[in-house]
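Hello,

Here is the structure I promised to hand over. My notes on it follow below.

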There are 2 protein chains.
Amino acid sequence: MDIFKINLFDGISGEDVERMIVCFGAVFRSFKTGATIYDYPGSGDDVGVMLEGKASMIRTDEDGEVAVMELYSEGDIFGEVLAFANETGDSVKVIAESDCNVMFIKYSQITKRCERACEHHSRLVGNMFGLIARKTLLLSRRIEILSKKTTREKLMYYFQTLSKDYGAEFELPMSVTRLAEYVCADRSAMTRELSRMQSDGLIEINKRRVKLKKA
Amino acid sequence: MDIFKINLFDGISGEDVERMIVCFGAVFRSFKTGATIYDYPGSGDDVGVMLEGKASMIRTDEDGEVAVMELYSEGDIFGEVLAFANETGDSVKVIAESDCNVMFIKYSQITKRCERACEHHSRLVGNMFGLIARKTLLLSRRIEILSKKTTREKLMYYFQTLSKDYGAEFELPMSVTRLAEYVCADRSAMTRELSRMQSDGLIEINKRRVKLKKA
DNA sequence: AAATATATGTTGCAAATGCAACATTTTGAG
DNA sequence: CTCAAAATGTTGCATTTGCAACATATATTT
C-alpha cells in the first residue's frame with residue numbers, strides 16, 4: 001500500500017511519517033469486499049481516510065429503504081465529525097465495495113496541538129484540510145444533483161459532470177441500481193426515464209455505457 | 001464586530017490575530033441586505049468566513065429556476081474551493097439575507113507554510129478545520145433531507161433536526177417560500193403537503209410556527 | 001456446469017408533484 | 001400612513017414518480 005499516492009503526507013519525509021503515525025494514533029486496517037468499515041454511530045473521534053479501494057456509505061431506514069449517501073475512493077475521508085448521520089434511528093454504514101485499505105486517525109489529534117511539537121504536524125493538518133475541502137466539493141455536487149426537481153434533470157446534470165472528466169462517452173462508475181440510489185429515485189422509474197431520454201435523443205445507453213448527445 | 005465570538009481565532013491572542021490577518025491576507029468587508037457577497041465563478045482562491053449576519057447561496061438556472069444551495073450564518077465558510085458550483089452555466093451567488101460582515105482569506109495561505117513562521121498559524125488552520133468539518137455536517141444533513149423520496153419525508157426529517165435543537169415547537173429559521181427552495185419542492189405543492197400533514201395529525205403549523213406532534 | 005444471487009428491463013396503477021393561475025395577507029420602503 | 005412588493009394560501013390538471021409484480025440477463029459461487 002502506497003500511502004504517498006494520496007496527498008495526505010505530501011511534503012513529509014518517510015521518517016517523519018512513521019513518527020507522526022504514532023503521534024496521530026493512526027491505525028491501518030484492511031477490509032474485504034462487502035465488509036463493514038464504519039458503523040454509525042461509532043467511535044465519534046475516528047476519521048477514516050481511504051488509502052485504497054472503493055466504499056460507500058449506505059443508509060437503511062426503518063422501512064428497509066436503501067440510499068447511497070456517499071461514495072468513497074482513494075483520498076476520501078469519512079467519520080462521525082464529517083457526516084450528519086443517524087439523526088434519526090436509521091442504520092448508516094460504510095461498506096467496502098472492493099478490498100480496501102483504510103487509515104483511521106483521531107479527530108481530536110488534528111485540531112489539538114502536537115505535544116511532541118512535530119515539525120510536520122501542521123503540514124499534515126494542512127493536507128487534511130485539502131482532503132476535507134475536496135469532500136465538500138463532492139457533497140456540494142451531490143446536492144446540486146439532488147436539488148434538480150425531475151429525475152431527468154438529475155441524471156443529465158450527473159452525466160454532464162461525468163462527461164467533463166471522461167468525455168461525451170463514458171462508463172457509469174457504478175451499477176444502474178446504485179445510480180438509482182445515488183440520485184434517490186426508484187430504480188424502475190429511473191430506468192423508464194433513461195429509456196425516454198434515449199427516445200428523446202438526449203443520450204444513448206447500453207448497460208453502463210452512456211453517450212451524452214446534448215451538452 | 002467581535003470576531004472572537006466564533007472559534008476561528010480560538011487560542012490566539014489579539015496581538016497575534018493582528019499579525020496573522022496580515023499573514024493570511026485577510027480582508028474584512030461589510031454587506032447590506034440583498035447585496036452580492038460572492039459571485040461564482042469568482043476569485044477561486046478566496047475563502048469567505050461569515051463573521052456576522054445571514055446569507056444564502058442561490059442558484060438560478062437558465063429557466064429562471066431558483067434553488068437555495070446553502071444557508072450561512074456566523075462561523076460558516078464558503079468559496080470556490082468548497083463548493084461545486086457552476087459546473088453548468090447556472091448563475092450561483094452568495095446573497096446577504098441581512099447585513100453581513102465577512103472575512104476573506106486566501107485558501108492558498110491556509111495550506112501553505114507561513115513564511116513568517118507564525119506561532120499560531122497552525123492553530124488557525126486547526127480552527128479552520130473545525131469550521132470546514134462543521135460545513136460537511138451541514139452539507140450531509142442537507143443530503144439526508146434531499147435523499148428522502150417524498151416531500152413529507154423531507155419535511156419531517158428537517159423538522160426533526162430542528163426539534164432536536166429547539167424542542168417540539170419552534171419557529172422556522174426561514175420563510176416558507178425559502179423552505180420550499182431548501183427542500184427543492186414546488187412551493188404550492190409543499191404548502192399542500194404541509195396542510196395534509198396537519199390533517200394527518202403529524203404537525204401543527206401556523207405561518208412559521210411549527211409544532212411537531214410525532215417524533 | 002449448475003445453482004444461486006444480483007442486476008436489469010418492463011408494465012399498470014395510484015399517488016405525489018410540478019406548474020399555472022389566482023386571491024389574500026404580510027412586510028417593508030418612502 | 002400608503003403603496004408596492006413579497007410572501008402565503010388554494011385549486012385544477014397534466015405529468016412524473018413510487019411501488020408492486022413480473023420476466024430476463026448477468027455475475028458469482030460451489
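H6(B) gives the largest share of the surface near DNA strand C, 5 residues; a residue is near a strand if one of its heavy atoms lies within 4 Å of it, and helices are DSSP runs of H or I with at least four residues, numbered from the N terminus.

This is a predicted model, in which local features need pLDDT of at least 70, side-chain atom pairs count only at pLDDT 80 or more, and totals for chains, interfaces and linings use all residues. Residues are numbered from 1 along each chain as its sequence is written, chains are lettered from A and ligands numbered from 1 in the order in which they are written, and side-chain values use heavy atoms, with hydrogens and water left out.

DNA strand C is surrounded by 22 residues, with Thr177(A), Arg187(A), Arg192(A), Thr151(B) and Arg192(B) the closest. They divide into 11 charged, 7 polar and 4 nonpolar. Asp, Glu, Lys and Arg count as charged, Ala, Val, Leu, Ile, Met, Phe, Trp, Tyr, Cys and Pro as nonpolar, and the others, Gly among them, as polar.

A side-chain N or O atom of Thr177(A) lies 2.7 Å from a phosphate oxygen of strand C. Arg192(B) has a polar side-chain atom 2.8 Å from a base oxygen of strand C, and one 2.6 Å from a base oxygen of DNA strand D.

Around strand D there are 23 residues, divided into 11 charged, 8 polar and 4 nonpolar. A side-chain N or O atom of Arg187(B) is 2.9 Å from a base oxygen of strand D.

Regards

Note on methods
A polar contact is a pair of N or O atoms within 3.5 Å; within protein, one must be able to donate a hydrogen and the other to accept it, and residues adjacent in sequence count only if both atoms are side-chain atoms. Helices (H or I, at least four residues) and strands (E, at least two) are DSSP runs, numbered from the N terminus.
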